[in-house]
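This report is an introduction for a reader who has not met the structure before. Please look over the sequence and the model first.

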Amino acid sequence: METTLPSGRIRVRPRSHANTVLQATLIVLALLTVYGLITIDTRNINVVTAFGDMLNNFRVVLFEARLKNLSWLDLFRELMITVALGLLTTVFGAIIAFFLALLAAQNLAPRRVNDAVKVVMAFIRAVPTVLWVLFFAVTAGLGSVAAVIGMTFHSVGYLVKAYAETFEELDAGVLEALRASGGNWWQTVFQAVVPSSASALLSWTFVRFEINFSVAIAMGATAGAGGIGFDMFMASAFYLDLRELGIFTYAVLIFAILLEWGATRLKETVGVKRQA
């Protein structure tokens, strides 16, 4: 690391062990990447031709999009099914995560309770969503039920961490003042914690909704949850219709843009109400 002295000279600090390990790791990964690209088995595929075909497929998807096997009403219904899956799992996950996050925040619950909740949530986050869905599919069967339960599980693990860190950033003086005035734990939560962190909680919840919407598309294709994900799978792997796949792609893109716009406006509204 370099620092500029008052005399204008540059002093180079000694390289730390952490920086050395990080640089060595990056170098090894770069060498492995180069080796993998050189030794990859192309099976006599012409890379230039394949790259040209890929660009042509992108052109068809983006510039020749059209519906063939579904109507516009069917498209809207399938998109709403995917939105409902994402919204349902986000609402369930946010409600459960809120109360668990109160136990995971160091300034709101005992240390032993914090550690126990964080360990369980870390395990839930470590398991990919698709594995949770397949795990519950053993008992509930492939479909929307297993998708909702599995996605909710992973949403809880994600939101507990986000909410708890938000609670821990609150001003300790406000919490102590409320406790000193005779407020109990629930009064502290709903009169100090929730109003002070409402904007951040809303932001994290919308982030998770965006993630769940994307996951719901994937679950529609892999776990039989239905929605536009299943139609994208059929168009790409069964009908082999890239033009219809393009319409589905545009539908998802438009909804994602509207979701981002709505999240920004809602956050601004909450911020204005807090200032008022």
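## Leu-240, an exposed loop residue

The model shown here is predicted. Leu-240 counts as exposed because its relative accessibility is 64%, and the cut-off for exposed is over 50%. Leu-240 sits in a loop, with helix 9 (228-238) on one side and helix 10 (242-275) on the other.

The backbone at Leu-240 also deserves a note. Leu-240 is not a glycine, yet its phi is positive, at about 55 degrees.

## Leu-62, a partly exposed helix residue

Leu-62 belongs to helix 2, which covers residues 47-63. With a relative accessibility of 37%, Leu-62 counts as partly exposed. That class takes in values between the cut-off for buried, under 20%, and the cut-off for exposed, over 50%.

How far apart in space are Leu-62 and Val-127, C-alpha to C-alpha? The distance is 34 Å, and 65 residues separate Leu-62 and Val-127 in sequence.

## Helices, strands and domains

The chain contains 10 helices and 2 strands. Their order along the sequence is β-β-α-α-α-α-α-α-α-α-α-α, so a reader going through the chain meets the two strands and then the helices.

The domain assignment divides the chain into domain 1 (17-61) and domain 2 (70-273). Taken over C-alpha atoms, the centres of domain 1 and domain 2 are 33 Å apart.

## Overall dimensions and contacts

What radius of gyration does the chain have, and what would a compact globule of 276 residues have? The chain has 25 Å, whereas the globule would have a value near 19 Å. Along the principal axes, the C-alpha atoms of the chain fill a box of roughly 70 × 60 × 40 Å.

Contacts between residues can be sorted by their separation in sequence. Among the contacts in the chain with a separation of 6 or more, 71% are between residues 24 or more positions apart.

## Surface and charges

Buried residues make up 34% of the 276 residues of the chain. The area that the chain exposes is about 17100 Å². Carbon and sulfur atoms supply 68% of that exposed area.

The chain carries 21 positive and 18 negative charges. The mean position of the positive charges and the mean position of the negative charges are 7 Å apart.

Definitions and conventions
Residues are numbered from 1 along each chain as its sequence is written. This is a predicted model: local features need pLDDT of at least 70, side-chain atom pairs count only at pLDDT 80 or more; totals for chains, interfaces and linings use all residues. Side-chain values use heavy atoms; hydrogens and water are left out. Helices (H or I, at least four residues) and strands (E, at least two) are DSSP runs, numbered from the N terminus. The radius of gyration is taken over C-alpha atoms; the globule rule is 2.2 Å times the number of residues to the power 0.38. Buried means under 20% relative accessible area, exposed over 50%, partly exposed in between (1.4 Å probe, protein chains only). Contact means heavy atoms within 4.5 Å. Accessible areas come from the Shrake-Rupley method with a 1.4 Å probe; for residues, only the protein chains shown count as cover. Lys and Arg count as positive and Asp and Glu as negative; His and the chain ends are not counted. The place of a charge is taken as NZ of Lys, CZ of Arg, CG of Asp or CD of Glu. Domain bounds come from an automatic or database domain assignment.
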